[in-house]
Amino acid sequence: MFTYAIIHEQGDRDYQEDSVAVYPGKKVSSFWVADGLGGHGGGKAASQTVVENCKNRSQKHFKLEECFQNAFVTGNQKLVEEQDRRQNTKTMKTTLVGCILEGRELTWAHIGDSRMYLFRDERVVTRTLDHSVPQMLVLGGQIQESEIRSHPDRNRVLRVLGNREDEIKYEVGRTLLVEKGMAFLLCTDGFWEWILESDMEGYLAESATVEQWLLLMKEHVLAHGKGNNMDNFTALGVWF
């Protein structure tokens, strides 16, 4: 019913802090991308902890609401435990974006500024809204959508996993029926900040396979970001 491909690159950084996973099942499949914060291995531990927890929870008795609650709330609890174990309670945090496919029903959820893009007829029809300072400025009418990528506060993320005091406020999108020819993309900010939505659409139209689509976008991201203190970047593309 679906094919997928992944790119997972270190960029110009000393550490790879992103994590990505696909957990296929007979009835339910799930797809996850997380962007860890913390450096020196802490960010990787944070993103990997929550992504691995998604596998444990999404393959049991399935209820969508419980699955997302476990992915985000239980994932946060496990991350706090890992912070305590490593004695790092300040910087070990992570974003998380995921999609769950049950039959033909697709639902997504996220926290932070890792994104989900949904494509129909080779055009973006929706994307998640970042939990970040520039996204809030866009919603408040203070800047334009096109200014997010270059905004000086672009890296100020307002919601993440790894918080010990605040309630975990993740956002769940609507459920829709997938159709042949639809596609979605999960990606970290290190990916989307170097490629415009119009370029994603253009490469999608050019590609015969999801692997080719991801490769063309990877080449674009590297051409525009390499040498600019480029962040880790990860993308997971799925075609139906």
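Me: How much area does the chain expose, and what share of it do carbon and sulfur atoms supply?
Reply: The chain exposes about 11,400 Å², and 45% of that comes from carbon and sulfur atoms. Such areas come from the Shrake-Rupley method with a 1.4 Å probe; for residues, only the protein chains shown count as cover. Do keep in mind that this is a predicted model: local features need pLDDT of at least 70, side-chain atom pairs count only at pLDDT 80 or more, and totals for chains, interfaces and linings use all residues. Residues are numbered from 1 along each chain as its sequence is written, and side-chain values use heavy atoms, leaving out hydrogens and water.

Me: Why is F72 called buried?
Reply: Buried means under 20% relative accessible area, exposed over 50%, and partly exposed in between (1.4 Å probe, protein chains only). F72 has 0%, so F72 counts as buried.

Me: And what makes Y170 partly exposed?
Reply: Its relative accessible area is 22%, which lies between the cut-offs of 20% and 50%.

Me: Why is the aromatic pair of F72 and Y170 called stacked?
Reply: Rings of Phe, Tyr and Trp (its six-membered ring) pair if their centres lie within 6.5 Å; planes under 30 degrees apart count as stacked, over 60 as edge-to-face and the rest as tilted. Here the centres are 4.6 Å apart with 5° between the planes, so the pair is stacked.

Me: What makes the pair of Y117 and F119 tilted, then?
Reply: Their ring centres are 6.4 Å apart and their planes stand at 35°, so this pair is tilted. Both Y117 and F119 are buried.
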